[in-house]
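Subject: Handing over the structure

Hello,

As promised, here is the structure for you to look through. My notes on it follow below, and I hope they help you find your way around.

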Amino acid sequence: VVTVSKELMYQQALCRFGNFNAIQLSEPAPLRELLTMALKDDESMSDVNEKEKLEIAEVNTEILRENAEMINEYFSIHIDQGGNLTRLPVVLDQYTPDMDRLPEFMLTLGNDIAWDVEKECFRTAAAAIGNFYALHPPILPNPSGKGIRLYKKNKDSMESAGQADNDLTSTDEDDMDQELVAEAEAAWAQREWTIQHVLFPSMRLFLKPPKSMATDGTFVQIASLDKLYKIFERC
């Protein structure tokens with residue numbers, strides 16, 4: 001689902017180039033804060049000290065502000081004069097991306113876009129949008145089946161391995177973080193609804209699968225009409 005939705009969003013970003021509707025954020029999001037959050041969560045930056053991360057965030061903020069007019073005109077990503085993100089593009093109707101991934105998206109725009117080469121700039125920006133808008137799994141683990149074990153309140157205070165095994169198989173509601181479970185269930189249910197009612201219909205209408213998807217396991221052939229006709233002819 002992630003691979004297919006990423007390709008769909010990438011293609012839609014190119015198709016809607018310069019002609020996006022926009023999602024107005026409820027509150028302006030300061031670029032510097034978003035970038036700092038992304039750098040703190042980036043495992044590859046674990047050896048970088050906080051001062052250097054702040055400097056990187058500042059550099060990327062300036063890069064995005066310098067190119068704000070262009071990304072607003074072509075992709076409806078609006079950054080105001082104060083360095084705040086205020087609008088995002090509508091890449092697919094009836095669909096809003098996972099805002100938990102917004103900091104990572106802004107860091108990608110700052111770091112990975114070839115701003116000085118027009119064609120490559122548009123391609124890499126569309127790829128960044130495609131990755132942000134793709135249907136990634138929710139950050140919270142799926143609470144169905146064995147996943148419910150991850151929501152036990154007292155899993156860190158077990159006295160022995162034997163007790164741990166017994167407790168992990170228990171789904172006593174008193175042992176569960178019910179608020180977190182409810183949040184996870186809602187997130188996963190929303191994802192399933194979006195896949196069924198937004199992604200699949202949009203794929204039928206808009207997706208043009210690249211040839212690579214025929215060989216990388218994204219799509220699997222389950223029947224061949226030519227071979228079926230030959231079988232029927234022999235019957």
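A residue counts as buried here when its relative accessible area is under 20%. Glutamine 12 has a relative accessibility of 5%, so it falls in the buried class. Please keep in mind that this is a predicted model.

**Overall layout**

The protein chain is built from nine helices and three strands. Going along the sequence, their pattern is α-β-α-α-α-β-β-α-α-α-α-α. Of the 235 residues in the protein chain, 37% are buried. Taking contacts between residues at least 6 apart in sequence, 72% of them join residues at least 24 apart.

**Two buried residues**

Glutamine 12, the residue I began with, belongs to helix α1, which covers residues 2–15. Leaving out residues up to four places away in sequence, glutamine 12 touches Phe20, Val91, Leu92 and Phe206.

Histidine 136 sits in a loop, with α6 (118–133) on one side and α7 (161–168) on the other. Is histidine 136 buried or exposed? Its relative accessibility is 17%, so histidine 136 counts as buried. Not counting neighbours within four places in sequence, the contacts of histidine 136 are Val2, Arg101, Asn131 and Arg191.

**The sheet**

The three strands form an open sheet in the order β1-β3-β2, and the pairing is antiparallel. β1 (21–30) and β2 (78–79) are the edge strands, each pairing on one side only.

How many bridges join β1 to β3? There are six, and the two strands run antiparallel. One pair you can look up is proline 30 with its bridge partner in β3, asparagine 84.

On the other side, β2 is joined by two bridges to β3, which spans residues 84–90, and these strands also run antiparallel. Here histidine 78 has arginine 87 of β3 as its bridge partner, while isoleucine 79 stands opposite leucine 85 in β3. A hairpin is formed by β2 and β3, with four residues between them. In its turn, glycine 83 has a positive phi of about 80°.

Why can β3 be called largely enclosed by the rest of the structure? The reason is burial: six of the seven residues of β3 are buried, so the strand is largely enclosed.

A helix lies against this sheet too. Helix α2 (residues 31–41) lies across β1, β2 and β3, and runs at about 85° to β1.

**Pockets**

The largest pocket holds about 440 Å³ of space. Its lining has 21 residues, and the ones nearest the centre of the pocket are Pro97, Asp98, Pro138, Ala187 and Gln190. By class, the lining of the largest pocket has 12 nonpolar, five polar and four charged residues.

The second largest pocket has a volume of about 240 Å³. Helix α2 comes up again here: α2 and α5 (102–112) each supply at least two residues of the lining of this pocket. Which helix gives the most to the lining of the second largest pocket? That is α5, with four residues. Among the residues that line the second largest pocket are Met37, Ala38, Asp41, Pro103, Glu104, Leu107 and Thr108. Arg101 is also one of the residues lining the second largest pocket, and you have already met Arg101 as a contact of histidine 136. The classes in this lining are four nonpolar, one polar and five charged residues.

**The cavity**

Lastly, the structure holds one cavity of 30 Å³ or more. The volume of the largest cavity is about 30 Å³. What lines the largest cavity? The residues are Ile71, Phe75, Ile77, Leu109, Trp115, Ala125 and Ile129. At least two residues of this lining come from α4 (68–75), and at least two from α6. The lining of the largest cavity is made up of seven nonpolar residues, with no polar and no charged ones.

If you would like a place to begin, try the strand β3, which pairs with β1 and with β2. From there you can go to helix α2, which lies across the three strands, and on to the second largest pocket, where α2 supplies part of the lining.

Enjoy looking around, and do write back with any questions.

Best wishes

Definitions and conventions: Residues numbered from 1 in each chain as written. Predicted model: local features only at pLDDT ≥ 70, side-chain atom pairs only at ≥ 80, totals over all residues. Heavy atoms only, no water. Buried < 20%, exposed > 50% of the residue type's maximum accessible area, 1.4 Å probe, protein only. Contact = heavy atoms within 4.5 Å. Pairing = 2+ DSSP bridges. Axes fitted to C-alpha atoms, helices over the stretch in contact; angles between N-to-C directions. 1 Å grid on protein atoms, 1.4 Å probe; cavity = no way out; pocket = protein on both sides within 12 Å on 5 of 7 lines; lining within 4 Å. Points joined across faces, edges and corners; volume = space filled by probe spheres on them. Nonpolar A, V, L, I, M, F, W, Y, C, P; charged D, E, K, R; others polar.
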